Amino acid sequence: MGKVTGFLEVDRQDRKYRPASDRIRNFKEFFVPLPDQVIRDQASRCMECGIPFCHDMKGLKGCPVNNQIPDWNDLVYRGEWEQANRDLHSTNNFPEFTGRICPAPCEASCTLNITDSPVTIKSIECAIVDKAWKNNWIKPQLPEIKTGKNVAVIGSGPAGLAASQQLARAGHKVTLYEKNKKAGGLLRYGIPDFKMEKFHIDRRIDQMKQEGVIFETDCKIGKDINIQNIINKNDAVILACGSEMPRDLEIPGRNLKGIHFAMDFLPQQNRRVGKESFSEVNSISAEGKHVVVIGGGDTGSDCIGTSIRQGALSVTQLEIMPVPPLKENKLLTWPNWPLKMRTSSSQEEGAKREFSVTTMSFLGDRGAVKALECAKVDENFNPVQGSNFHISADIVLLAMGFISPVTDEILKNVNVKLDEKNNVLASDIDYRTSHKKLWVAGDMRRGQSLVVWAIREGREVAKSVDEFLMGKSKLAS
């Protein structure tokens with residue numbers, strides 16, 4: 001490393017957020033970038049670890065895309081930003097995405113996290129790629145030769161985008177199908193703009209178009225076009241449709257108006273911010289209302305931040321799990337991702353959080369939800385007798401995760417095996433389905449997961465397809 005004593009001399013310093021009172025007034029990103037010199041100082045803290053778990057190659061801990069973190073930390077410390085950008089992109093097609101929305105398992109696996117002061121890997125990653133865009137270092141990578149092979153990718157989320165870009169760079173003709181009006185999948189329609197503004201996606205799409213990727217948007221497979229037609233005119237087809245079947249809460253009162261899935265709520269606001277037209281007939285707004293979010297994960301937090309920015313009177317988040325410990329036991333958990341109390345930026349903005357709570361029923365008036373009857377639960381998640389209470393609610397947002405991909409229309413005419421969770425069955429070795437011309441990657445294969453895992457699988461399925469088409473592949477996975 002460039003400075004082997006850096007971790008002894010420099011304290012951890014990470015990006016700050018703009019004050020909540022300021023940032024909730026709009027949907028713009030609100031983190032404050034660190035100056036270059038501070039980033040270089042932070043990069044100098046990277047230790048000369050015997051085993052750098054931050055980029056564990058097995059993908060069991062640390063960075064799923066195997067970012068060469070110590071290498072580009074050293075380059076940043078030395079001021080070699082352009083080479084750091086090349087190293088960063090050697091394993092990750094879209095580091096500006098992960099540098100904004102990844103929970104950073106790499107930092108949890110950092111050796112310095114043993115003392116709760118890991119290297120600010122996520123901020124350094126984001127600084128590298130942002131500087132690269134600013135200095136025009138990121139350019140289309142055109143293939144040396146065209147292979148004459150045609151590949152279709154269905155779904156333009158992070159897995160589909162990564163697979164498409166890799167295959168186009170290998171010289172294949174790639175057509176990417178997306179059911180929405182714009183490409184990006186849940187990157188565009190699920191993640192609020194205050195976490196990642198959508199121009200980051202737009203300029204990557206421009207880059208990919210210059211690399212030869214053909215985008216077919218506003219095209220629903222199984223409705224606008226039969227998947228069999230796509231299979232017939234392509235040498236390989238990759239399924240990357242995500243996991244979009246939401247977990248429901250079938251309790252009394254579920255049919256009341258005002259109860260919505262999170263993914264009926266969040267995309268509407270993203271379309272408003274993006275000035276994308278959509279039907280306002282079923283418009284959902286938290287303005288002037290009491291909002292209850294059921295589910296304690298990232299999607300729930302996104303609902304909180306969006307509701308607050310829309311002008312909600314109050315936001316309450318319910319979580320059936322107990323309050324996690326404030327601090328993990330490092331000797332038991334490190335370098336794995338620990339279970340501990342975390343507070344998101346949206347939760348900091350004014351949400352009330354309730355743990356160990358289950359919803360017994362929705363209560364309404366004139367056909368609309370007005371309250372929830374809740375109860376505390378014991379360690380087995382059974383309601384505690386006599387613990388019932390009510391919470392007022394004008395809107396209830398169900399953010400309890402996703403249980404499977406939506407495959408009925410897409411695969412209705414194709415015989416493809418599913419696993420016990422109704423994900424498309426394929427191994428993480430070659431990503432091939434039971435159909436000889438179909439591959440699958442991302443949440444559609446592994447179930448609901450992180451963007452960084454989707455990028456990893458997109459790169460790996462691209463290599464598998466390239467090997468199938470050409471007999472060998474130079475693509476990095």
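Modeller: A residue is called buried when its relative accessible area is under 20%, exposed when that area is over 50%, and partly exposed in between. This is a predicted model, and residue labels below follow that rule.

Biologist: Which residues of H8 are buried?

Modeller: In H8 the buried residues are Ile-121, Lys-122, Ser-123, Ile-124, Glu-125, Cys-126, Ala-127, Ile-128, Val-129, Lys-131, Ala-132 and Trp-133.

Biologist: What makes H8 mostly covered?

Modeller: The count does: of its 14 residues, 12 are buried.

Biologist: How do you know that the span of H8 is close to what is expected?

Modeller: The expected span is 1.5 Å times one less than the number of residues. For the 14 residues of H8 the expectation is 20 Å, and the distance from its first C-alpha to its last is 20 Å. Just after H8, Asn-136 takes a positive phi of about 60°.

Biologist: Why is Ser-123 counted as buried?

Modeller: Its relative accessibility is 3%, and the cut-off for buried is under 20%, so Ser-123 counts as buried. Ser-123 sits in helix H8, residues 121-134.

Biologist: What makes the pair Ser-123 and Arg-15 a polar contact?

Modeller: The limit for such a pair of N or O atoms is within 3.5 Å. The side chains of Ser-123 and Arg-15 are joined at 2.8 Å, and that value meets the limit. Leaving out residues up to four places away in sequence, Ser-123 touches Asp-14, Arg-15 and Ile-39.

Biologist: Why does Arg-204 count as buried?

Modeller: Arg-204 has a relative accessibility of 2%. Buried means under 20%, therefore Arg-204 belongs with the buried residues. This arginine lies in helix H11.

Biologist: What does the side chain of Arg-204 reach, and at what distance?

Modeller: The side chain of Arg-204 reaches the backbone oxygen of Asn-93 at 3.3 Å. A polar contact at 3.0 Å also links the side chains of Arg-204 and Gln-207. Both values satisfy the polar contact limit of within 3.5 Å. Apart from its neighbours within four places in sequence, the residues in contact with Arg-204 include His-89, Asn-93, Phe-94, Val-129 and Trp-133.

Biologist: What makes Ala-162 count as buried?

Modeller: A relative accessibility of 0%, set against the cut-off of under 20%, puts Ala-162 among the buried residues. Ala-162 is placed in helix H9. Beyond residues up to four places away in sequence, Ala-162 touches Asn-93, Phe-94, Ile-455, Gly-458 and Arg-459.

Biologist: How many residues of each class are in the lining of the second largest pocket?

Modeller: The lining has 9 nonpolar, 8 polar and 9 charged residues. The pocket holds about 730 Å³ of space. Of its 26 lining residues, the closest to the centre are Gln-166, Arg-169, Ala-170, Lys-474 and Leu-475. Helices H5, H9, H11 and H18 each supply at least two residues of this lining.

Biologist: How do you know that the span of helix H13 agrees with its number of residues?

Modeller: H13 has 12 residues, and at 1.5 Å a residue these should span 16 Å; the end C-alpha atoms are 17 Å apart, so the two agree. Among the buried residues of H13 are Ala-262, Phe-265, Leu-266 and Pro-267. Their cover includes helix H10, strand E8, helix H14 and strand E15.

Biologist: Why is Lys-275 called exposed?

Modeller: Its relative accessible area is 76%, and exposed means over 50%, so the label follows. Lys-275 is in the loop between H13 and strand E9. Its phi is positive, about 55°, although the residue is not a glycine.

Biologist: What makes Asp-218 count as partly exposed?

Modeller: Asp-218 has a relative accessibility of 44%. Buried needs under 20% and exposed needs over 50%, therefore Asp-218 is partly exposed. Asp-218 lies in the loop between strand E5 and helix H12, and its phi is also positive, near 55°.

Biologist: Which residues does a cis peptide bond join?

Modeller: The cis bond joins Trp-334 and Pro-335, with omega at about 5°. Pro-335 is in the loop between helix H15 and helix H16.

Conventions:
Residues numbered from 1 in each chain as written. Predicted model: local features only at pLDDT ≥ 70, side-chain atom pairs only at ≥ 80, totals over all residues. Heavy atoms only, no water. Helix = DSSP H or I, 4+ residues; strand = E, 2+ residues; numbered from the N terminus. Buried < 20%, exposed > 50% of the residue type's maximum accessible area, 1.4 Å probe, protein only. Polar contact = N/O pair within 3.5 Å; in protein donor to acceptor, adjacent residues only side chain to side chain. Contact = heavy atoms within 4.5 Å. 1 Å grid on protein atoms, 1.4 Å probe; cavity = no way out; pocket = protein on both sides within 12 Å on 5 of 7 lines; lining within 4 Å. Points joined across faces, edges and corners; volume = space filled by probe spheres on them. Nonpolar A, V, L, I, M, F, W, Y, C, P; charged D, E, K, R; others polar.
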